[in-house]
Amino acid sequence: MSGSEAPEGEKTCVWVSAGLLTYRLCDRDFDCRRCPLDAALSGHANGRSRLGTAVSPFRDAETFPDDRLYTTGHTWLQSVGRQGRFLQRFGIDALAAVIIGRCEKVHWHFSDGTVARGETLCHIDLGLGTLALGAPVKCVVMSTNRALQDEPEQLIATPYERGWMVELVVSDAAELDDLLKAEVALDQARLDLRRFRRQAALHLFADAQGVGPSMADGGELLTDLRQILGTSAYLDLLRELVH
């Protein structure tokens with residue numbers, strides 16, 4: 001069958017839906033995690049990412065420890081110390097680390113007093129722009145992870161351990177009930193990565209005249225999503241998911 005339309009009621013490949021491929025049958029029940037074509041198009045073939053940096057396969061993006069709570073903006077809070085639910089450590093989750101791919105520096109931005117929910121706690125310098133992260137709850141910041149000044153790459157390499165960002169005291173512990181448990185956060189991450197890939201593909205399709213050779217016409221596999229999309233488009237996609 002030619003064209004990009006599948007029979008009515010039949011599952012379709014996300015890359016067909018994005019308009020980058022013609023109709024495609026799938027012997028993996030459209031499980032993208034087991035698809036070599038998806039691995040190539042999304043940039044995880046041979047352990048490389050189209051973000052232009054080595055990243056872990058998606059299975060690593062599915063790492064969500066159950067000893068903390070998560071936000072829909074792909075950050076987390078974990079209880080520390082002896083103050084129960086009030087003293088929390090804050091960082092980014094595994095999906096955020098995978099799609100960010102590189103951290104040049106971390107800049108902290110917050111007042112000495114109470115930080116409102118959603119107010120910016122820090123900016124991640126990606127080397128081509130910055131990504132702002134907001135407070136997941138109303139809080140007071142107690143300390144920052146100064147180790148990130150010397151080793152900012154730990155934010156990406158060990159997001160749940162050495163890559164934590166700040167420690168804060170939650171003003172109202174009831175706000176923690178609005179956050180996600182690990183199982184729910186994992187489901188959300190799977191959906192969000194699928195969304196990220198699809199939106200990236202749509203950007204590529206919309207600008208197909210400037211992309212050059214691709215797998216479909218015998219050219220080389222596209223290798224750097226940042227360069228292909230341009231700084232603005234890449235940051236827009238990233239900021240929709242991580243905040």
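# Ala-132 and its surroundings in a predicted chain

At 30% relative accessibility, Ala-132 comes out as partly exposed, because that value falls between the 20% and 50% cut-offs. The structure here is a predicted model, so some regions deserve a lighter reading than others, and where pLDDT is low the coordinates should not be read in detail. The chain has 243 residues, and 45% of them count as buried. Its secondary structure comes to 9 helices and 9 strands.

**Ala-132 and the three-stranded sheet**

- Ala-132 sits in strand 7, which spans residues 130–134.
- Leaving aside residues up to four places away in sequence, Ala-132 touches Thr-120, Cys-122, His-123, Val-242 and His-243.
- His-107 is 25 residues away from Ala-132 in sequence, and their C-alpha atoms are 9.4 Å apart in space.
- Strand 7 belongs to an open sheet of 3 strands, with the order 4-6-7 and antiparallel pairing.
- The edges of this sheet are strand 4 (105–108) and strand 7; each has a single partner strand, so one side of each has no neighbour in the sheet.
- From one strand to the next, the twist averages 25°.
- Strand 6, residues 120–125, pairs with strand 7 through 5 bridges in the antiparallel sense.
- Within that pairing, Thr-120 stands opposite Gly-134 in strand 7.

**Strands 1, 2 and 3, with His-74 in the turn**

- Strand 1 and strand 2 make a hairpin with 4 residues between them.
- The two strands run antiparallel and are joined by 2 bridges; Tyr-70 has Trp-76 in strand 2 as its bridge partner.
- Which residue in the turn of this hairpin has a positive phi? That is His-74, with phi near 65° although the residue is not glycine.
- His-74 lies in the loop between strand 1 (69–70) and strand 2 (75–79).
- Is His-74 buried or exposed? His-74 is buried, because its relative accessible area is 2%, under the 20% cut-off.
- Strand 2 has 4 of its 5 residues buried, so the rest of the structure largely encloses this strand.
- On to strand 3 (residues 87–92): strand 2 pairs with strand 3 over 5 bridges, again in the antiparallel sense.
- In that pairing, Ser-79 has Gln-88 in strand 3 as its bridge partner.

**Strand 8, its partners and Asn-145**

- Strand 8 has an antiparallel link to strand 5 (residues 114–115), made by 2 bridges.
- Strand 8 also runs antiparallel to strand 9 (residues 166–170), and 5 bridges join these two.
- Cys-139 takes part in both pairings: Cys-139 is the bridge partner of Val-115, and Cys-139 stands opposite Val-170 in strand 9.
- Just past strand 8 comes Asn-145, in the loop between that strand (139–144) and helix 5 (147–150).
- Asn-145 counts as buried, because its relative accessibility is 6%, below the 20% cut-off.
- What does the side chain of Asn-145 reach at 2.8 Å? The side chain reaches the backbone oxygen of Arg-162.
- Beyond residues up to four places away in sequence, Asn-145 touches Trp-108, Arg-162, Gly-163, Trp-164 and Met-165.

**The chain as a whole**

- Among contacts in the chain with a separation of 6 or more, 61% come from residues 24 or more positions apart.
- About 12200 Å² of the chain is exposed, and carbon and sulfur atoms supply 48% of that area.

**How far to trust it**

- The chain has a mean pLDDT of 77, with 66% of its residues at 70 or more.
- Which elements have the lowest and the highest mean pLDDT? Helix 2 (residues 36–42) has the lowest, at 55, while strand 1 has the highest, at 98.
- Residues 1–6 have pLDDT below 50, and this stretch has 12 contacts in the model beyond near neighbours in sequence.
- Residues 209–223 also stay under 50, with 22 contacts beyond four places in sequence in the model.
- Where pLDDT is low, the predicted coordinates are not for detailed reading.

Methods:
Residues numbered from 1 in each chain as written. Predicted model: local features only at pLDDT ≥ 70, side-chain atom pairs only at ≥ 80, totals over all residues. Heavy atoms only, no water. Buried < 20%, exposed > 50% of the residue type's maximum accessible area, 1.4 Å probe, protein only. Polar contact = N/O pair within 3.5 Å; in protein donor to acceptor, adjacent residues only side chain to side chain. Contact = heavy atoms within 4.5 Å. Pairing = 2+ DSSP bridges. Axes fitted to C-alpha atoms, helices over the stretch in contact; angles between N-to-C directions. Areas by Shrake-Rupley, 256 points an atom, 1.4 Å probe, with all protein chains shown as cover. pLDDT = per-residue confidence, 0-100.
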